[in-house]
Amino acid sequence: MLLPFQRGMDVEMGRSVCENTLAGLNEDDTIFALSSGQGRCGVAVVRVSGPASALAVRSLTRGLPAARTASLRSITHPQTKELLDRGLVLWFPGPGSFTGEDSAEFHIHGGPAVISGVLQALGSLPGLRPAEAGEFTRRAFYAGKLDLTEVEGLGDLIHAETEAQRRQALRQMAGDLGRIYQDWSVRLKRCLAHVEAFIDFSEEELIEDGILNDVDAAVRQLQMDMENHLLDQRRGERLRSGVQVVIAGSTNAGKSSLLNMLTQRPAAIVSPTAGTTRDVVEVPLDIGGYPVLLSDTAGLRDTTDSVEQEGVRRARQRVELADLSLVVVDLTQLPSEPQQVPVFLSGHLKSILEHSSHRRQCILILNKSDLITAELKRSIQVALEEAGDVPPACFLSCHTRDGLLDLLTMLQNRLKTLCGDPLIGSPSLTQTRHRTHLQKSVEALYQYYQYRDVDLVLAAEGLRLGLTSLGRITGRVGAEEILDIIFKDFCIGK
Ligand SMILES: Nc1nc2c(ncn2[C@@H]2O[C@H](COP(=O)(O)OP(=O)(O)OP(=O)(O)O)[C@@H](O)[C@H]2O)c(=O)[nH]1
Ligand SMILES: [K+]
Ligand SMILES: [Mg+2]
């Protein structure tokens, strides 16, 4: 695991180097950092990037190895000449490197003393300083090696915790998402050029009248493509940040028992006392490759206990915000006549999901199936199938685990719908940032229609604004303000 930036680290690197770092980021500096994880490990990778990289390799290993070839070398301290380690050294001359600059890597033994010895040796060289978090990637961005969506993809890949997240991040890092926005920019630029040409030359009749009709059609098509892309029900964003799944229901239905069964540990207190859970208990889970934030909530009931009231308020709030609700019902509390069960459940669900905007996104869990006869279970099942308007339901026993596999399959299918398959179809936007700029761009294009017949200069301005918003997504426009936000999530050495 890669750890976030720790201030204490640069104390080890020598005082002059520290002062250099605090003075601000100097683009001309040569930077170095431990790029592999912290802590004892077999092999550690120290990366160097910047104009003094060749000097660094020569000073520590006496000689530059062949480009992009791993060479086994003795690594010595440039001043004391003490042998620090023997390891692989790689030399990546710019511009064909990750950062676009001259760079190098030292693959050394992962002991803390070896690592700090090599870092100190590098810090003792003129023009070298420890890298800030994300600084290698920042340089790659400045060198035009990655656009912002690719940088974000790389950041997401480092933080990916499930398979589906990894797939989505890899795709974004490879530029799939950036290419869509780039393609739209090119199309929009063409429209703008045509409108400007029309403004400049139409009076001299050097340009055909039909050209504006072509622009109309192109802008309309662009707007449609953008709006479709926005209408993705937040699939990509959800996959990136985790699907919010809430367990809700009446007291003692077995909500906390369900949480514990799914997380395979006693995360929440289970007891026969109604109203046991008050706080929201949240556990991150990987279900079939999809990231889930599962929360157990207080049982919903009218109560005079002010602490429990607060618990109920928080539970309702969670239900409102959730992408998916697992509504747990105690089978022994259902009407004894199976025919009445569907109507009872419909009313029950309405009272639980009353404010939820995702009313369709619900799975009904009929719990404590171990307490009813197989015959009654069958009758309830038939009644539910006949009723039709009750959401998908599944019988479960948290005591015998009967029905768990069915529930997991149901859950997995639902998650697939909510997140989409990151490898199929066109890539989804993954951040609110993308959504905001895209919406602005779509709105700006309406300005084109608004002024098209009144004032072409203002209409062209709409296209220009749309183009600017698009450019902000990939970082071709106004990257500065967003860079710090993106790179704060990066780690040292990346
Ligand atoms: N027989 C049986 N008992 C169950 C089952 N699931 C839960 N229980 C019992 O039901 C009681 C309540 O379970 P909890 O998991 O605490 O229920 P809850 O919905 O979290 O309750 P509150 O937090 O109070 O709202 C406990 O005594 C559990 O052991 C089940 O599948 N079968
Ligand atoms: K309970
Ligand atoms: Mg509970």
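**Exercise 1. The shell around ligand 1**

Work out how the residues of the shell around ligand 1 divide into nonpolar, polar and charged, and which residues come nearest.

*Solution.* Start with the character of the shell in this predicted model: it holds six nonpolar, 13 polar and three charged residues. Next, look at distance. There are 22 residues around ligand 1, and Gly254, Ser256, Ser257, Thr277 and Gly299 come nearest. Finally, ask which element gives the most to this shell: helix 10 (residues 255-263) does, with three residues.

Now step back along the chain to the loop between strand 7 (243-249) and helix 10, where Asn252 is found. Asn252 is not a glycine, yet its phi is positive, about 65 degrees. To place Asn252 on the burial scale, count its neighbours: 22 C-beta atoms lie inside 10 Å, so Asn252 counts as buried.

**Exercise 2. Overall form**

Decide whether the protein is more spread out than a compact globule or not, starting from its radius of gyration.

*Solution.* First take stock of the secondary structure, which comes to 17 helices and twelve strands. Then compare two values. The globule rule gives 23 Å for 494 residues, while the radius of gyration is 30 Å, well over that, so the protein is more spread out than a compact globule. The spans of the C-alpha trace along the principal axes are about 85 × 80 × 40 Å.

Two further values fill in the picture. Of the 494 residues, 40% count as buried. Among contacts with a separation of 6 or more, 69% are between residues 24 or more positions apart.

**Exercise 3. Domains and how they meet**

List the domains, then describe the contact between domain 2 and domain 3.

*Solution.* Begin with the bounds: domain 1 covers 7-145, domain 2 covers 154-232 + 429-475, and domain 3 covers 238-419. The C-alpha centres of domain 2 and domain 3 are 43 Å apart. Their contact takes eight residues from domain 2 and seven residues from domain 3. On the domain 2 side, helix 6 (residues 163-173) provides the largest share, four residues. That side divides into one nonpolar, four polar and three charged residues.

**Exercise 4. The nonpolar cores**

Find where the largest nonpolar core lies with respect to domain 1 and domain 2, and explain why.

*Solution.* The core has 62 residues, and Phe32, Val46, Ala56, Val118 and Leu122 touch the most other members. Its largest share, eight residues, comes from helix 7 (residues 176-201). Both domain 1 and domain 2 give residues to this core, so the core lies between them.

Zoom in on Phe32 next. Leaving out residues up to four places away in sequence, Phe32 touches Val46, Arg47, Val48, Leu119, Leu122, Leu128, Pro130 and Ala131. Another core, of 46 residues, lies apart from the largest one, and Tyr290, Val341, Leu345 and Leu366 are among its members.

**Exercise 5. Helix 4: enclosed or not?**

Judge how far helix 4 (residues 135-142) is enclosed by the rest of the structure.

*Solution.* List the buried residues: Glu135, Phe136, Thr137, Arg138, Arg139, Ala140 and Phe141. These make seven of the eight residues of the helix, so helix 4 is largely enclosed by the rest of the structure. After the helix comes Gly144, with a positive phi near 80 degrees.

**Exercise 6. Backbone details in two loops**

Identify what kind of peptide bond joins Gly94 and Pro95, and then examine the phi of Arg234.

*Solution.* With omega at about 0 degrees, the bond between Gly94 and Pro95 is cis. Pro95 sits in the loop between strand 4 (83-92) and strand 5 (103-110).

Arg234 belongs to the loop between helix 8 (211-230) and helix 9 (235-241). Although Arg234 is not a glycine, its phi is positive, about 60 degrees. Arg234 has 19 other C-beta atoms within 10 Å; being buried takes 20 or more, so Arg234 is partly exposed.

**Exercise 7. A long step in sequence**

Which residues is Gln431 in contact with, leaving aside its neighbours within four places in sequence?

*Solution.* Locate Gln431 in the loop between helix 14 (404-419) and helix 15 (432-451). Its contacts are Glu152 and Glu237. Then check Gly236: Gln431 and Gly236 are 195 residues apart in sequence, but their C-alpha atoms are 7.7 Å apart in space. As for burial, Gln431 has 20 C-beta neighbours inside 10 Å, so Gln431 counts as buried.

Terms used: Residues are numbered from 1 along each chain as its sequence is written. Chains are lettered from A and ligands numbered from 1 in the order in which they are written. This is a predicted model: local features need pLDDT of at least 70, side-chain atom pairs count only at pLDDT 80 or more; totals for chains, interfaces and linings use all residues. A nonpolar core is a set of buried Ala, Val, Leu, Ile, Met, Phe, Trp, Tyr and Cys residues joined through C-beta atoms within 7 Å. A residue is buried if 20 or more other C-beta atoms lie within 10 Å of its own, exposed if 12 or fewer, and partly exposed in between; C-beta atoms are placed from the backbone. Helices (H or I, at least four residues) and strands (E, at least two) are DSSP runs, numbered from the N terminus. Domain bounds come from an automatic or database domain assignment. Two residues are in contact if their C-beta atoms, placed from the backbone, lie within 7 Å. A residue is near a molecule or strand if its C-beta atom, placed from the backbone, lies within 6 Å of it. Ala, Val, Leu, Ile, Met, Phe, Trp, Tyr, Cys and Pro count as nonpolar, Asp, Glu, Lys and Arg as charged, and the others, Gly among them, as polar. The radius of gyration is taken over C-alpha atoms; the globule rule is 2.2 Å times the number of residues to the power 0.38.
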